[in-house]
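Got your viewer open? Let's take a walk through this model, one selection at a time.

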2 protein chains.
Amino acid sequence: MSGWLCIVGLGPGDEQLVTPEVSAALAQATDVVGYIPYVARIAPRPGLTLHASDNRVEMDRARAALQMAAAGQKVVVVSSGDPGVFAMAAALFEALEGQPQWQTLDIRVLPGITAMLAAAAKAGAPLGHDFCAINLSDNLKPASLIEARVRAAAGADFAIAFYNPRSASRPDTFVRILAVLLEICGPDRLITFARAVSTPEERIATVTLAQARADMADMRTVVIVGNSATRQVGRFVYTPRAVATPVLP
Amino acid sequence: MSGWLCIVGLGPGDEQLVTPEVSAALAQATDVVGYIPYVARIAPRPGLTLHASDNRVEMDRARAALQMAAAGQKVVVVSSGDPGVFAMAAALFEALEGQPQWQTLDIRVLPGITAMLAAAAKAGAPLGHDFCAINLSDNLKPASLIEARVRAAAGADFAIAFYNPRSASRPDTFVRILAVLLEICGPDRLITFARAVSTPEERIATVTLAQARADMADMRTVVIVGNSATRQVGRFVYTPRAVATPVLP
């Protein structure tokens, strides 16, 4: 028995953004576990079993993966982007709690290109100075905490990347966040909507907060709000490395 | 003349973490431009000229790369990690300012595995919930702004990744930041020091803020401070996806 478990990131969509380390793990795997659209990215082959499951069953999926690795299988849990950013790695470690028999397994996390880095690269360099990443899904935390974090981040002049900005079940969260940003950052602040980056459906648009509307985003969109120095040059948007004059006392 | 310019990320060190997209750009390049240790990672070959330069000449390097691309050369500017995170992409766009003749060039940014993602993966999943990335180099901004951002981020219960935590020329910045974190987050908060991730010199250590000392970090270290829920399970450190109870009003 020499089972193992890798939690890997497939990047944003383009196979050219999958690291060789992840490709090697997939080539050795006996079992691939994950959310349906991510497992669909894995080419079937003899000796490989694909276990696709629906969204919101992350804990069941993590336990099943651990059980298979404990039974000697070579298991890859796939996430899009990076597995450690709003993805399966944290769920896997939650499933390890109170399960000492699984904690000695060969478990590795293999990083990937997370959506905000792919989006920033396509737009230019809007994350070129200090920045935050905030998941706007309120399944996992109260809306009041999301708003407090947005206020803290914008108030301290961080650029901000928003994951999962909007879904049909909670259309109002992002409307509220855009209003908070407009209040703190003013109408001229640049905001980039990057949808389905690196896929055939890719669409990148940079507008001002005055022009931004919540329906410019969906669940396949990463939204990046610049800091007070973020600017456009040619077709690009970027945040300068240096702060020319102190923004805060 | 069909010159182009790619600003690429080589990842943290291991060649298995270089994306195929970046490898393809390097295979087609006529010129590679960058800081000495990053250019040293590129294998010489006939038809490829390596242009290695010292640190702190980013603007000269960016202009030279643009001039070569404008002259029809195929130029790759290399950064470690991701080029858009505290690296060459922002410098390149700064060099484009006021230079309309360069703004129509074929310029692309190719993302890479940034240090905090590689470090987090090796440690577990400490960035599994909302987080910030802060560059502690005070060459580019005043120390007061750095401290204000750390206070805002810790106060709003973000996990925080620190780049460039410490150098010989400014040993006191990180001492001060650790004191601020201890004040806001308390002695039991987990902090991970990840040095030279994915290289033979890799060293990962997770301690509490009470145990943390500034000399645990150097310029090759990324430091990740957890949020109030970050915990250890087995040999891993991770931040749960959900907030059990609201931390802020």
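Start by colouring the two chains separately and looking at where they meet: about 6,100 Å² is buried between chain B and chain A, with carbon and sulfur atoms giving 63% of that area. Buried area here is the accessible area (1.4 Å probe) that two parts lose on being put together, summed over both. A word on the ground rules: this is a predicted model, where local features need pLDDT of at least 70, side-chain atom pairs count only at pLDDT 80 or more, and totals for chains, interfaces and linings use all residues. Residues are numbered from 1 along each chain as its sequence is written, chains are lettered from A and ligands numbered from 1 in the order in which they are written, and side-chain values use heavy atoms, leaving out hydrogens and water.

Now select the residues in contact (heavy atoms within 4.5 Å). You'll pick up 72 residues of chain B and 73 residues of chain A.

Next, hunt for charges. How many salt bridges does the rule find across the interface of chain B and chain A? There are 12, counting a side-chain nitrogen of Lys or Arg within 4 Å of a carboxyl oxygen of Asp or Glu. Zoom in on one of them: Asp157(B) pairs with Arg149(A), and their closest N and O atoms are 3.9 Å apart. As for the side of chain B that touches chain A, its residues split into 44 nonpolar, 14 polar and 14 charged. In that split, Ala, Val, Leu, Ile, Met, Phe, Trp, Tyr, Cys and Pro count as nonpolar, Asp, Glu, Lys and Arg as charged, and the others, Gly among them, as polar.

Select residues 131–135 in both chains. These are the two E7 strands, which run antiparallel and are joined by three bridges. Strands here are DSSP runs (E, at least two residues), helices are runs of H or I (at least four), and both are numbered from the N terminus; two strands pair if DSSP finds at least two bridges between them. Click Cys132(A) and you'll find its bridge partner, Cys132(B), in E7(B).

Stay there for the symmetry. Chain B superposes on chain A by a rotation of 180° with 0.0 Å of shift along its axis (RMSD 0.0 Å), using least squares on the C-alpha atoms of residues with pLDDT of at least 70 in both. The two copies are thus related as by a two-fold rotation axis. Which C-alpha of chain B is nearest the axis? That of Cys132(B), 2.0 Å from it.

Last stop: within chain A, select Arg41(A) and Glu15(A), a salt bridge whose closest N and O atoms are 3.3 Å apart. Arg41(A) sits in the loop between helix H2 and strand E3, Glu15(A) in the loop between strand E1 and helix H1, 26 residues apart.
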